[in-house]
Amino acid sequence: MGRLIVVSNRVPAPKPGGASAGGLAVALSGAMEARGGVWFGWSGDTAPPDAPEPEEARLVKKGKVTYALVDLTERDLDDYYAGFSNRMLWPLFHYRMDLTEFTRVTLGGYYRVNKLFARLLQKMVTPDDVVWVHDYHLVPLAADLRAAGLRNRMGFYLHIPFPPPDILTVLPNHADIVRGLAAYDVIGFQTPYDVENFEMYLRREKLGRRLSGDRFVVHGRAVTVLALPVGIETETFAKTALASEKHALVQRMDESLLGRKLIIGVDRLDYSKGIAERIQAYESFLTLDTEWRNRCTYLQITPKSRSEVAEYAAMEREVAELAGRVNGAHADLDWTPIRYVNRAIGRNALAGLYRLASVGLVTPLRDGMNLVAKEFVASQKPHDPGVLLLSRFAGAAYELDGALITNPYDIDGTAGAIARALEMPLDERADRWTRMYERIRDHDVVWWCKSFLDALETPATDGAEVRPITKAAG
């Protein structure tokens with residue numbers, strides 16, 4: 001069995017005194033440590049504009065894992081990362097066609113950086129290695145590696161939604177993107193709905209079809225397409241939440257509530273998360289259910305995200321103004337309805353805050369999975385669990401059938417769901433929580449990692465003919 005080579009946009013290289021890695025990094029690092037492995041991608045550092053292209057990646061070793069780091073120039077980051085990846089693919093795949101911005105310059109940068117990664121990575125790959133590529137930044141990578149002659153088993157996992165064909169075809173080079181996916185042996189999506197969208201696109205564009213089961217033919221190659229929802233370190237997170245009841249920040253928060261119910265929301269500052277709609281729903285809840293005034297507090301933790309992108313800066317102002325408006329209209333001398341924290345909170349304290357909360361609001365307008373929903377469930381007290389209020393447009397809604405499912409676009413409906421969650425009796429809360437906890441315990445991040453790798457390392461009997469990558473029509 002060869003090494004596992006993981007490729008992602010950013011590499012979580014170990015740093016002295018750095019923050020502990022999240023569950024995904026732990027699972028992937030564990031798989032690489034067990035057999036020897038390489039984690040390849042952008043270092044997070046910026047090279048000078050006149051720097052020549054690197055001839056090899058910078059290596060950092062820890063145990064049996066080698067972190068292979070590549071510096072990118074500002075031009076690369078503007079075109080590949082901030083440009084095509086996050087101003088075209090990200091909004092489009094989250095159904096925000098109004099925010100997409102396509103230019104040939106950023107498209108060229110996207111392919112340029114993928115070719116750079118392929119050129120550096122191919123020097124490190126041996127014939128028995130298995131390559132696992134992650135997320136929308138790196139769709140073309142396998143095609144570039146195939147063009148260089150590599151015939152290794154290669155898999156791709158998309159952590160964000162895969163949109164239906166009416167949305168995907170807004171992308172001028174949609175056929176090239178799907179042709180890039182066809183160069184992989186296994187393609188992983190978060191939900192069955194994503195697989196349905198992929199299959200519907202193939203049929204409409206006459207680019208492929210389902211063979212049987214999980215096998216598809218795409219651009220002449222047989223590939224395996226799976227719905228494998230990513231998980232968390234469920235039992236570890238539950239233990240962290242229990243221990244964090246004694247965390248100083250959590251205890252201060254508990255004392256400051258003065259017996260009030262805590263409602264919590266935790267999101268990156270991103271337009272896909274539905275934060276503005278959520279605050280409006282909470283405002284409607286306070287207006288319609290006046291008996292809850294001064295009896296609950298809503299804590300919204302929202303670290304900044306991609307502040308250099310104009311849409312994110314505008315959203316930051318909008319959310320702050322909304323929170324201020326609600327507090328101005330409803331606050332009392334001894335009560336602030338919304339506590340809005342615009343910075344990151346450490347993992348341990350966050351687990352304790354989840355455990356303290358009576359209601360978790362996870363109401364994105366569109367999300368591939370949303371692991372906050374699973375972290376909230378894992379953190380709860382089994383004898384007195386809180387209620388998860390979950391958007392129907394989050395991938396997690398396909399698994400967490402004990403949540404109260406809501407439509408984040410329905411402001412008054414979400415307001416009513418908040419009231420129902422706060423008033424839900426203990427026996428119903430416990431029943432709902434038990435179903436969800438058992439699901440995320442049995443399908444944790446280790447299960448997800450093993451399931452994908454098992455599929456990747458088990459070649460199908462129908463084979464997968466590697467064909468030359470030609471220019472796509474359209």
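I looked up what the buried residues of H7 pack against: helix H5 (165–168), helix H6 (174–182), strand S7 (186–189), strand S8 (208–212), strand S9 (215–218) and strand S10 (221–227). I took contact as heavy atoms within 4.5 Å. Helices (H or I, at least four residues) and strands (E, at least two) are DSSP runs, numbered from the N terminus.

The model is predicted: local features need pLDDT of at least 70, side-chain atom pairs count only at pLDDT 80 or more, and totals for chains, interfaces and linings use all residues. Residues are numbered from 1 along each chain as its sequence is written, and side-chain values use heavy atoms, with hydrogens and water left out.

I listed the buried residues of H7 (under 20% relative accessible area, 1.4 Å probe, protein chains only): Asp194, Val195, Asn197, Phe198, Glu199, Tyr201 and Leu202. I then checked the length of H7 (residues 192–205): its end C-alpha atoms are 20 Å apart, which agrees with the 20 Å that 14 residues should span at 1.5 Å a residue. The expected span is 1.5 Å times one less than the number of residues. Just after H7, Lys206 has a positive phi of about 55 degrees.

Next I turned to S1 (residues 4–10), where six of the seven residues are buried. S1 runs parallel to S5 (residues 130–134), joined by four bridges; pairing requires at least two DSSP bridges. Leu4 has Val130 as its bridge partner in S5. S1 also pairs with S2 (residues 37–47), in the parallel sense over six bridges, and Ser8 is partnered there by Gly41.

Methods. Buried < 20%, exposed > 50% of the residue type's maximum accessible area, 1.4 Å probe, protein only.
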